[in-house]
Amino acid sequence: MGPMITSVPGVSKALGLGGWAQRSTWPVPWLTSDTTLTLLGISFSHSIQETTNRIWDAALGHLQGILRTNVGRCFSLHQRVHFLKTDAYSRIVFIGQVLPCPPSSAVKLHSATTKFLWAGRLERPPPGAIFRPTTAGGLAMLHTDLFLQALFLRPIAATVLGPDTCGRFLLRYWLAFPTRAFLHCFTDTPAPMSFFQRPAHIETALRSLKALFGNGLSPPSPLTHRKIYSLLLTPEFVPGHMERAQPLLDWEAIWRSARFLPPPIRESQFLFNHRLLFTRDRCHNIDPRVDPICDRCHLEDETAEHLMIGCPVRQELTAWLQSTLQSLGCVGNLSSWIRGDVGQLPYRSPARLLVAVFVDLSWRTRQRRRLLTIAEIQHKWKSSFPGQQFSH
Ligand SMILES: [Zn+2]
C-alpha cells in the first residue's frame, strides 16, 4: 500500500493519512476482500451456486411471510391471482431476471403459492384452467417454474442474439458451440468454441435454450419475456370437466364474455362453470355422512344444476328467468343459457349479465338458507349495469 500511495506525491495527505516521510505505522488495517458483494439488493458471493441457493431460500421465506400475512383477507380467486402477480411476486420477479431458480426452489415457491390461492377450498379447477388466460375460462395464474425460466432466459437469449456488446462476446464464449445449430448466431463468422466446463448458471441457460429452441422452433422477434413464457407453457388447449361434459355449448363466447361481468358475479359464474360450487352432492362425495338430498324440495340430489334450474321450489323464479331471456332474444334452452351460452348476443348484452346475476344470487341466498326473489334479481341486474336503459 505504501509504494502505491507515494507513487504520486501528496496522495497519503489527501487520503487523510498524514505525510509519508518516516512513517512506520499506518492508521488503517490491511485491506481484506469481502466475502460478499451487494449489487442492487442481491448479495453475491464467490460461488454462483451458493449465491443462487441462499438468495432463493431468502426469497421463499419472504414470499411465505407475505402470503401468511394476507391469507386471511377476503379475496376472490381472481383477486388472489392478481395479488400474487402484482404484490407477492415482485421480489422473485426481480431476482428471477438475475439468478436462475433451482428446480427445488421453484417447487417450493409453487407450493406456497398454490396453498395461498386455494386457502379454504377443497376442490380446484383442472390445471389447464388455472394457467389458461381468463378469456379462455382460466385464472391466468402464473406457472411459477416456467415463468422464472422465461424471466432468466430472456436477457440471456436476447444478449446472445442481439447486437455486438461485451456481454454478448462473453456469453458466446460459453454458449456458442452447443447452440450454434439452432440459434443460427454464427452464420457470418466462425464460432469461438468453449472447451471448458461451463459455470452452473450458464448450464441452466443452455438447458433452457435447448429445451425451447432445440426442437426446430425459431426464436421470436422481438424476444420478450411474455413470448418465451407462452412458448414454455403448453400451447395446446386442454378442455376441463365442463367442456368435455357439454361439448356443444359455445364455450368460447361463455369465457370471453365473462370478463365484462362485475368481479364478484364473475367469480360465482366461474365456480359454477368449472363445477366447483360446493353443493350438497359434492359435499357428499367428499364426506359420505353428508346427505346429498336438496333441503328445499327433499326430492332430488342437490347438484349445481338442480339448485339453479331444477328445484321445484324455485319454479316460479326459473319460469320468470326463462321468459325474460326469451324476450331478450336468447336462442336455445334454459340449461345452456344458465351456463352463459345465450346464442349470438353481444358479450356485453343484458341477457348475459342477467344469467350471471341469477347464478350469483342463487348461490349466495342458498348459502344463507333463504329463498331468492324476482325483485332481488331485478334490482341487482339493473344496478350492475350503470348508465344502461332497460325495457324490463
Ligand atoms: Zn330441490
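Here are some short exercises with worked solutions on a predicted model of a protein chain.

**Exercise 1. Get your bearings: how many helices and strands does the protein chain have, and what share of its residues count as buried?**

Start with the secondary structure: the chain comes to 20 helices and two strands. Next, look at burial: of the 392 residues, 30% count as buried. Finally, turn to the contacts between residues at least 6 apart in sequence; 58% of these join residues at least 24 apart.

**Exercise 2. Work out whether the span of helix α3 (residues 48-70) agrees with its number of residues, then find what its buried residues pack against.**

Step one is the expected span. At 1.5 Å a residue, the 23 residues of α3 should span 33 Å. The end C-alpha atoms of α3 are 33 Å apart, so the two values agree.

Step two is to pick out the buried residues of α3, which include T52, I55, W56, A59 and L63. It helps to recall that an α-helix has 3.6 residues a turn, so residues three or four places apart point the same way.

Step three is to look across from them: the buried residues of α3 pack against β2 (42-45), α4 (77-88), α5 (90-96) and α6.

**Exercise 3. Decide how helix α6 (residues 103-117) and helix α8 (residues 144-161) are oriented to each other.**

First, take the geometry: the two axes come within 8 Å and cross at roughly 130 degrees. An angle between 115 and 145 degrees falls in the oblique class, and α6 and α8 are therefore oblique to each other. Now see who makes the contact: α6 brings A106, L109, H110 and T113, while α8 brings T144, D145 and L148. Sorted by class, the contact has three nonpolar, three polar and one charged residues.

**Exercise 4. Find which helix gives the most to the largest nonpolar core, and check how covered that helix is.**

Begin with the core itself, which has 75 residues. Those that touch the most other members are L153, L325, L354, V355, V357, F358 and V359. The helix that gives the most to this core is α19 (residues 350-367), with 10 residues.

Then check α19 for burial: 15 of its 18 residues are buried, leaving the helix mostly covered. Its span also holds up, because 18 residues at 1.5 Å each should give 26 Å, and the end C-alpha atoms are 26 Å apart. To follow one side chain position outward, take F358, which touches L321 and I377 when residues up to four places away in sequence are not counted.

**Exercise 5. Is A258 buried or exposed, and which residues does A258 touch?**

Locate A258 in helix α13 (residues 251-258). A258 has 21 C-beta neighbours inside 10 Å, so this residue counts as buried; the cut-off is 20 or more. Leaving out residues up to four places away in sequence, A258 touches R266, Q269 and F270. A258 and L353 are 95 residues apart in sequence, with their C-alpha atoms 9.0 Å apart in space.

**Exercise 6. Where do H298 and R369 lie, and are they buried or exposed?**

Take H298 to begin with. H298 is not a glycine, yet has a positive phi of about 55 degrees. The loop between α15 (280-286) and α16 (304-310) holds H298, which is exposed, with 9 other C-beta atoms within 10 Å.

Now R369. This residue follows α19, with a positive phi near 55 degrees, and is not a glycine. R369 lies in the loop between α19 and α20 (374-383). With 8 other C-beta atoms within 10 Å, R369 is exposed.

Notes
Residues are numbered from 1 along each chain as its sequence is written. This is a predicted model: local features need pLDDT of at least 70, side-chain atom pairs count only at pLDDT 80 or more; totals for chains, interfaces and linings use all residues. Axes are lines fitted to C-alpha atoms, for helices over the stretch in contact, and angles run from 0 to 180 degrees between N-to-C directions. Helices (H or I, at least four residues) and strands (E, at least two) are DSSP runs, numbered from the N terminus. Angles under 35 degrees count as roughly parallel, over 145 as roughly antiparallel, 65 to 115 as roughly perpendicular and the rest as oblique. Two residues are in contact if their C-beta atoms, placed from the backbone, lie within 7 Å. Ala, Val, Leu, Ile, Met, Phe, Trp, Tyr, Cys and Pro count as nonpolar, Asp, Glu, Lys and Arg as charged, and the others, Gly among them, as polar. A nonpolar core is a set of buried Ala, Val, Leu, Ile, Met, Phe, Trp, Tyr and Cys residues joined through C-beta atoms within 7 Å. A residue is buried if 20 or more other C-beta atoms lie within 10 Å of its own, exposed if 12 or fewer, and partly exposed in between; C-beta atoms are placed from the backbone. The expected span of a helix is 1.5 Å times one less than its number of residues.
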